[in-house]
Each structure stands twice: as C-alpha cells, then as structure tokens.
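Let's take a walk through this one together. Have the sequence and the model side by side, and we'll go from the overall layout to a group of rings and then to the question of confidence.

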Amino acid sequence: MARPALPLLALVVAVALAGCLGGFTATNTGTPTTDPPTTTPQTTVTYGTDCPYVLYIDSATAEQRNETDTVRQFRDLSEREQELFEQALENGSVESDSLPDLWSSPGLVAYQNETYYAVAAVC
C-alpha cells in the first residue's frame, strides 16, 4: 500500500517545484550606482499664461465695415463690456484679466454716431 502513495507524493512535489521554477523572474533590487542617468529631462514651456487680454478700439475703416455683417449697439453691451469699451476707446487699449465672449473675435460697435472696430489680443 505504500507504493501508490509514493507516485502521488512525487507528482505533488513535481507540480510544486514546477510552479516555483516556472514563475521565476529576475528583478532589479534597486542597488544604487554612481553612473549618471542616461535620459535627458523634459522641459515644458507654456506661453501666454500670465499675460492679460488687451482690447483695442479704433475707428472702423471702410474695409472693416464691409467685411463685418453685424454692428453691435453700445447700449446692448453688458455693463462690463461697456466699461472695457469706453476705457479702450479713451486710451486706445485696455488690459483685462478676463475676456467677455463679445471680444473673442473682432467686431464693430456703434457708439455715439460712430462705428468702432474692436479686437482683443493676448501675448
């Protein structure tokens, strides 16, 4: 009776060893070296993140009037848009930390019987 147990025991040992040996992989133990790294650090450059928006207002030329279908009425602008417009008109331009949607593309504004071309830029 001892004989049938021996082949079963041998089979169990063989399977156990096969699982251990078959799953062996080499790993880096993290041993420090004195060699310098061979990779170059990556640099990220971001442009225009700390620049304010600048709104420019000037009298519209005939060409600008012909190229633009819509003329916004000053009275229809929001209070903030009116404020920026008047400051830019007085000084030629005005800086702002935020840009109302109205100024996201160049446009014309009718103000005191004149037509003005408004365009915003950021550095």
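How many helices and strands does the secondary structure of the chain come to? Three helices and five strands. Keep in mind as you look that this is a predicted model. Starting at the N terminus, the elements run α-β-α-β-α-β-β-β.

Now for the chain as a whole. Of its 123 residues, 19% are buried. The accessible surface is about 9900 Å², with carbon and sulfur atoms accounting for 53% of that. As for how the chain meets itself, take the contacts between residues at least 6 apart in sequence: 70% of them join residues at least 24 apart.

Next, the aromatic rings. A ring pair is described by how far apart the centres lie and by the angle between the planes. The count here comes to five aromatic pairs. In one of them, F74 and F85, the ring centres are 5.6 Å apart and the planes sit at 55°, so this pair is tilted. What does the pair tie together? F74 is in the loop between strand 2 (71-73) and helix 3 (79-91), while F85 is in helix 3 itself, so the pair links parts that are eleven residues apart in sequence.

Are these two rings' residues buried or exposed? The cut-off for buried is under 20% relative accessible area. F74 has 14% relative accessibility, so it counts as buried. F85 comes in at 0%, so it is buried as well.

F85 has another partner in Y116: their centres are 5.8 Å apart with 75° between the planes, an edge-to-face pair. Since F85 belongs to helix 3 and Y116 to strand 5 (residues 114-122), this pair ties together parts that are 31 residues apart in sequence. Y116 is buried, just like F85. Put Y111 into the picture too, and you have one aromatic cluster made of F74, F85, Y111 and Y116.

Finally, how far to trust what you see. The mean pLDDT of the chain is 74, and 60% of its residues reach 70 or more. Among the elements, strand 4 (residues 107-111) has the highest mean, 96, and helix 1 (residues 2-22) the lowest, 43. Over residues 4-27 the pLDDT is below 50, and that stretch has one contact in the model beyond near neighbours in sequence. Residues 42-47 are also below 50, with zero contacts beyond near neighbours in sequence. Where pLDDT is low, predicted coordinates shouldn't be read in detail.

Methods: Residues are numbered from 1 along each chain as its sequence is written. This is a predicted model: local features need pLDDT of at least 70, side-chain atom pairs count only at pLDDT 80 or more; totals for chains, interfaces and linings use all residues. Side-chain values use heavy atoms; hydrogens and water are left out. Helices (H or I, at least four residues) and strands (E, at least two) are DSSP runs, numbered from the N terminus. Buried means under 20% relative accessible area, exposed over 50%, partly exposed in between (1.4 Å probe, protein chains only). Contact means heavy atoms within 4.5 Å. Accessible areas come from the Shrake-Rupley method with a 1.4 Å probe; for residues, only the protein chains shown count as cover. Rings of Phe, Tyr and Trp (its six-membered ring) pair if their centres lie within 6.5 Å; planes under 30 degrees apart count as stacked, over 60 as edge-to-face and the rest as tilted. pLDDT is the predictor's confidence in each residue, from 0 to 100.
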